[in-house]
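User: I would like a close look at a single part of this model, namely the loop between the two helices and the start of the helix that follows. Please take me through that part step by step, with the meaning of each term as it comes up.

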Amino acid sequence: PYTTLFRSLGLATASAGSANPESRSHGPNENIRVADFVAGIKHVATILDHLGREDRATVATWRQHGAG
């Protein structure tokens, strides 16, 4: 559902997840291995870190051109 909302607002979306075939995603016995959970946290943290670095680079570029 969020993809439809974001597209209607003209925003890009991305998602990331971690699981294994035995996770039974969205089932009554849904589960996740601790190692997969930790790997998922690290994965999202890496994405956020890269986005933050990109943002800092963009701000630096704007400042070089006198726009901020």
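Analyst: What follows goes from the whole chain to the loop, and then to the helix after the loop.

This is a predicted model, in which local features need pLDDT of at least 70 and side-chain atom pairs count only at pLDDT 80 or more, while totals for chains, interfaces and linings use all residues. Residues are numbered from 1 along each chain as its sequence is written, and side-chain values use heavy atoms, with hydrogens and water left out.

The protein has two helices and zero strands, where helices (H or I, at least four residues) and strands (E, at least two) are DSSP runs numbered from the N terminus. Its C-alpha trace spans about 55 × 30 × 15 Å along the principal axes. The radius of gyration is 18 Å, whereas a compact globule of 68 residues would have one near 11 Å; this radius is taken over C-alpha atoms, and the globule rule is 2.2 Å times the number of residues to the power 0.38. Of the 68 residues, 6% count as buried, a word that stands for under 20% relative accessible area, with exposed meaning over 50% and partly exposed in between (1.4 Å probe, protein chains only).

The loop lies between helix H1 (2–8) and helix H2 (34–64), and Arg24 is found in it. Arg24 has a positive phi of about 55° although it is not a glycine. His26, which is also placed in the loop between H1 and H2, has a positive phi as well, near 65°, and is likewise a residue other than glycine. The side of the loop at His26 is open to the surroundings in the sense defined above, because His26 has a relative accessible area of 75% and is exposed.

Ser23, in the loop between H1 and H2, gives the opposite picture, since Ser23 is buried with a relative accessible area of 1%. Leaving aside neighbours within four places in sequence, Ser23 is in contact with Asn29, Glu30, Asn31 and Ile32, where contact means heavy atoms within 4.5 Å.

A search of the whole structure finds one salt bridge, defined as a side-chain nitrogen of Lys or Arg within 4 Å of a carboxyl oxygen of Asp or Glu. The side chains of Glu22 and Arg33 meet in it, at 3.1 Å from N to O. This pair links distant parts of the chain, as Glu22 and Arg33 are eleven residues apart, with each of them in the loop between H1 and H2. Side chains of opposite charge can pair when their charged atoms come close. Glu22 is partly exposed at a relative accessible area of 43%, and Arg33 is partly exposed too, at 45%.

After the loop comes helix H2, where Val34 is placed. Val34 counts as exposed, at 65% relative accessibility, while Phe37, also in helix H2, counts as partly exposed at 46%. Ile32, Val34, Phe37, Val38 and Ile41 make a nonpolar surface patch of about 450 Å². Patches are made of residues with over 30% relative accessible area and no salt bridge, with like charges joined within 9 Å and nonpolar side chains (Val, Leu, Ile, Met, Phe, Trp, Tyr) within 5 Å. Accessible areas come from the Shrake-Rupley method with a 1.4 Å probe, and for residues only the protein chains shown count as cover. From Val34 to Ala45, eleven residues on in sequence, the C-alpha to C-alpha separation is 17 Å.
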